[in-house]
Amino acid sequence: DMSGEHHSFEADVSRLLHMMVHSVYSDKDVFLRELISNAADACEKLRYEAITTPGLNAGDGESRIRLTLDEEGRRLTLEDNGIGMSRAELIDALGTIARSGTRAFMERLQSGKPARAAEERESEGGKSEGDTAQLIGQFGVGFYSCFMVADRVDVISRRAGTDEAWIWSSDGKGSFDIRPAELSDAPTRGTRITLQLMEEAKTYASRWTVERIIKAQSGHVPVPIELVEKPGEEPKRLTDGTALWTRSRSEISQDDYNDFYRGLSGQYDTPALTLHYRAEGRVEYTALAFVPTVAPFDLFDPDRKGRMKLYVKRVFITDDADILPRYLRFVRGLVDTADLPLNLSREMIQESPVLQVIKKGVTNRVLQALEKQLANARSDYETLWSTFGGVIKEGIYEDFERREQLLALSLFKTTASGEGLRTLEDYVKDAKEGQDAIYYISGAQLDQIKASPQLEGFRARGIEVLLLTDSVDSFWAMNAPSFKEKSFRSITQGAADLKRFSLPDSAEGADKDVDKTAAADGFIGLAKTILAQEVSDVRASDRLTESAVCLVAPEDGYDRQLEKILQGAGR
Ligand code: ADP
Ligand code: MG
């Protein structure tokens, strides 16, 4: 079909575009980073496909991204010689929302919830212009962000290895057109995107603005970026496209790392931890990994996927290799190795023993970096922990081998922590003489569990109790056998057995002597009879000092909080 076709955008795209156009988001520069990152992705895809189809990157040799400015015409053009898009790919990629990040962005806007950063998780705020702007900044929203600055966008593309080219064009108002293009008007391979800039966005056709943004945002894109100042002039190189991770650490500044991290993660924060090393020995590889400051949008997605990228000899292979365990899925970064064959399929790579060695090595190094921060920069680590601790704790029941190590990395609110957080090391160090258990209480709300009558006897005796409020807590606590030979024990379950620990004399009215007197026995007998349908046992307890009674779960059953979670899950 050689005639043009008119398509409506998917409803969600229309709404997204409407938001883009009317966005009050001041930092519109991000559109350029999004387009450049797509162009770089396209070049990496071509390199990968060319491994199995060598003819694919023939002709127009080395990958590059070229920006052409036309100040008078108020136009900005971006061209790459990457994989390109067929007609169907154009319609699919630029007419729907395929991108999971963009989908999550839309959902977040609809629910009115701001980002899921720890400190914001509790805030109730409805959606406002400010939230939208903040979200655009946090997510970047891909290709469609160019409609923040352009009132018309033309995308002309030729898929590598094909003999046809297509033009996609839209004014961002609900529909797009697609029609065939002359091969002579199209790049020999790849994609050219022309933005007709809005009057108020004409600065994006000026050299000064574009150079500044590229240096600030895209300096470490692994494909060289060139600039043509006026149509017809010679291109000038802005960045050389060398892979940052191949350089030695001493040559790289933290700013370089931060910039690279932002390009890689699609986030705009500064990493809380940067880890860059070269492993030598049986398997050689380079790893560059970052722990973000702000929680990635997909942190609690059900598939719990990680985003570490795998490169073989600088060719991007996949970000689906599960290089790190799920409980470290917030880490962003890459591994590059020469010890895997380039032409191995993605599935075969998964099975490779070389990859197993790499996985183990990178996991150890990330955990060591966390340990180091805990030891040397406690308050930074506490901040990191409050964002990612809930995820790391999943490892306590998933990664048996590293359980003790992960427990040692965990921080807790406890009855003794005050405003801060405590490690289990702290807990064990301050435990009472003869105390063989680590006591905990779990519940959904901190205030609520702090007021539990079950805590009274522990407080009165100065025995520290962990206050667990993350939903993963009940799962690992039930499974964790011990830390430094002390087992975990729920204080809402089974007998408390606190008599061994003396009460200070000042504890007035405390049950110093709960020996079963005849009167107590009589009362207990009566209570058992009356409550026979409701409870399985009634007994005297030294758990309480002020309250008359409390409920506990049986020794061999589930802890009370876990029971509630399981009931909620329909079990
Ligand atoms: P994402 O990059 O996260 O997939 P985008 O909205 O930025 O989301 O882009 C959507 C899709 O459009 C990409 O996944 C890709 O398939 C396609 N695309 C965009 N730009 C290019 C390009 N320059 N070359 C090839 N494909 C592209
Ligand atoms: Mg993109």
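Around ligand 1 in this predicted model, there are 16 residues, and those that come nearest are N38, A42, A93, G142 and F143. If we ask which element supplies the largest share of that shell, the answer is helix 2, residues 30-52, with five residues. In character the shell is divided, with seven residues nonpolar, five polar and four charged.

Let me turn now to the sheet, where five strands are arranged in the order 10-11-14-12-13, forming an open sheet with mixed pairing. Its edges are strand 10, at 273-279, and strand 13, at 315-318, each of which pairs on one side only, and from one strand to the next the twist averages 20°. Strand 12, residues 309-312, and strand 14, residues 332-337, run parallel and are joined by four bridges; K309, for instance, has L334 in strand 14 as its bridge partner.

Two helices lie across strand 10, strand 11 and strand 14: helix 7, residues 254-265, which runs at about 95° to strand 14, and helix 9, which runs at about 140° to strand 10.

That brings me to the packing, and in general nonpolar side chains of soluble globular proteins tend to be buried together. Here the largest nonpolar core has 68 residues, of which V331, V335, V366, Y440 and V465 touch the most other members, and helix 9, residues 353-376, gives this core its largest share, seven residues. Looking at V331 beyond its neighbours within four places in sequence, we find contacts with A289, F290, V291, M308, L324 and V366. Finally, there is a second, separate core of 53 residues, with V13, M20, A160 and L197 among them.

Terms used:
Residues numbered from 1 in each chain as written. Chains lettered and ligands numbered in written order. Predicted model: local features only at pLDDT ≥ 70, side-chain atom pairs only at ≥ 80, totals over all residues. Near = placed C-beta within 6 Å. Nonpolar A, V, L, I, M, F, W, Y, C, P; charged D, E, K, R; others polar. Core = buried A, V, L, I, M, F, W, Y, C linked by C-beta atoms within 7 Å. Buried ≥ 20, exposed ≤ 12 C-beta atoms within 10 Å, placed from the backbone. Contact = placed C-beta atoms within 7 Å. Pairing = 2+ DSSP bridges. Axes fitted to C-alpha atoms, helices over the stretch in contact; angles between N-to-C directions.
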